[in-house]
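Biologist: Could you take me through one part of this model slowly, as you would for someone in their first year? I would like to see how a single strand sits among its neighbours.

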Amino acid sequence: MKAVVQERFGPPDSLRLRDVDRPRAGAGQVLVRVRAAAVNPYDWHMLRGDPYAARLLGGMGLTRPRARVAGIDAAGVVESVGADVRGLSPGDPVLGFCPGAFAEYACASARLLAPLPSDLTFEQAAALPMGAVTALRGIRTVGRVRSGQRVLVNGAGGGVGTFAVQIAALLEAEVTGVCSAGNADLVRSLGAARVLDYARDDFTDGRERYDVVLDNVGNHPLGRLRRALTPAGVLVANGGGSPGRVFGAIGATLKVAAVNAVTRQSLRPILPTTPDGPGHEDLLAVAALVEAGQLTPVVGRTFALADAAEAVRHVEEGHARGKTVITVS
C-alpha cells in the first residue's frame with residue numbers, strides 16, 4: 001500500500017510517499033481503508049520531534065520517530081476486524097483516531113472509532129476527531145460554559161476554533177471570536193456574536209472581560225490573558241500549537257498550573273488529545289452533534305496523499321482556515 005513515511009525527525013520535507021506492508025488488525029482493532037485524513041498541529045510536532053521534553057516522556061521516540069507512518073485523524077471504510085470487536089463490520093463507514101492515517105490503510109482501536117454521520121463526505125468526517133473533541137473538552141468539560149456567559153475563542157477560524165465557536169453558541173453563550181479579517185464572515189456564520197481582527201484588536205487590553213477564554217494560539221503572555229477574564233473567569237489553555245522546541249506545550253501547561261494555584265481565576269489546560277487519550281464518549285458526542293445538524297466541520301484546503309508534506313507545512317504556518325484534509329484515493 002502507499003503511505004507517507006517519516007524515517008527521522010525533521011521538517012515536512014522529511015516525509016516520503018513509500019510502498020509499505022498493509023497493517024493487520026489485532027485483537028480489539030479494526031483495519032480501516034482510509035478515504036481522507038486530517039492534519040493537526042499534533043502531526044508536525046511528531047514530525048519534528050518537539051518539544052524535546054516529550055521525547056523523554058516516551059510519546060514520540062527519543063532519537064527517531066516511534067511511529068513510522070504519519071497521521072492520526074481519519075475517515076474511511078472498515079476493511080476487516082480483529083478478535084473481540086463488536087458492533088463494527090467490513091463495509092461500515094467510520095471516523096476516528098487511526099495512528100498512521102496518512103496511508104491507504106490504517107489500524108485503529110475499535111474504541112476510538114465512531115460511525116460516520118449521514119450526509120458527510122469523508123473529507124468532512126476526517127476533520128472531526130482531534131479538532132472537534134478538543135473543542136468539546138475545552139468549552140464543555142474544562143470551561144464548563146453555561147447559558148448567558150461571555151466566551152472568547154482565540155484562533156476562532158482554525159481547526160479547533162471553528163468547532164469551539166459552534167459548541168459555545170449551542171450552549172447559548174455570547175461568543176466573541178478572534179481571527180483574521182479574512183475569516184470574520186465565516187466565524188460569524190458559525191455563531192459568533194462579535195468578531196475581533198487579531199491584527200488590529202487586542203482582546204487582552206483589559207477593556208472587555210469574559211467569563212471563559214479559550215486560547216488556541218498561545219500568542220499572548222499569561223499575565224495579559226488574565227486581563228481578559230472576569231475576577232472569577234476561566235482561562236482554557238489549548239497548547240496544541242504552542243511554540244518552543246524544548247518544553248513547548250508541556251512548559252505552558254506547567255506554567256498555567258503554577259499560576260492557577262495563586263489566583264482566584266481558574267487557569268486550566270486541556271489535556272493533550274493523543275491516540276491513547278480521547279474517550280469514546282467524546283467522539284460519539286461530536287458525531288451525534290453533527291448528525292443532529294448542530295455541528296458542521298469546516299474544511300479549508302484539501303491535498304492529495306502525495307502532497308502530504310505540503311499539507312503539514314500549511315498547518316504548521318499557523319494560518320490554516322478550518323481543517324486541512326488529505327484525500328486518499
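Modeller: Happy to; here is a close look at strand β9 and its partners, followed by a second example of the same kind of description. This is a predicted model, in which local features need pLDDT of at least 70 and side-chain atom pairs count only at pLDDT 80 or more, while totals for chains, interfaces and linings use all residues. Residues are numbered from 1 along each chain as its sequence is written, and side-chain values use heavy atoms, with hydrogens and water left out.

Let's start with β9, which covers residues 174-179. Names like this come from DSSP runs numbered from the N terminus: helices are H or I with at least four residues, and strands are E with at least two. Five of the six residues of β9 are buried, so the strand is largely enclosed by the rest of the structure. Buried means under 20% relative accessible area, exposed means over 50%, and partly exposed is in between, using a 1.4 Å probe and protein chains only.

Now look to either side. Strand β8 (residues 150-154) pairs with β9 in the parallel sense over five bridges; two strands count as paired if DSSP finds at least two bridges between them. In this pairing, L152 stands opposite T176 of β9. To get from β8 to β9, the chain passes through α5, and this β-α-β crossover is right-handed. Right-handed here means that, with the strands pointing away from the viewer, the path from the first strand over the helix to the second runs clockwise.

Strand β10 (residues 194-197) also runs parallel to β9, joined to it by four bridges. Follow T176 again: in β10, R194 stands opposite it. With helix α6 (residues 184-189), β9 and β10 make a right-handed β-α-β unit.

The helix α5 leads us to another element. Helix α9 (residues 280-291) has buried residues, among them L283, V286 and L289. What covers the buried residues of α9 includes α5 (161-170) and α4 (129-142), where contact means heavy atoms within 4.5 Å.

For the second example, find strand β14 (residues 299-304) and strand β15 (residues 323-327), which pair in the parallel sense over five bridges. The chain goes from β14 through helix α10 (residues 308-316) to β15 in a right-handed β-α-β crossover. Between α10 and β15 there is a loop that holds G318. In contrast to a buried residue, G318 is exposed, with a relative accessible area of 56%.
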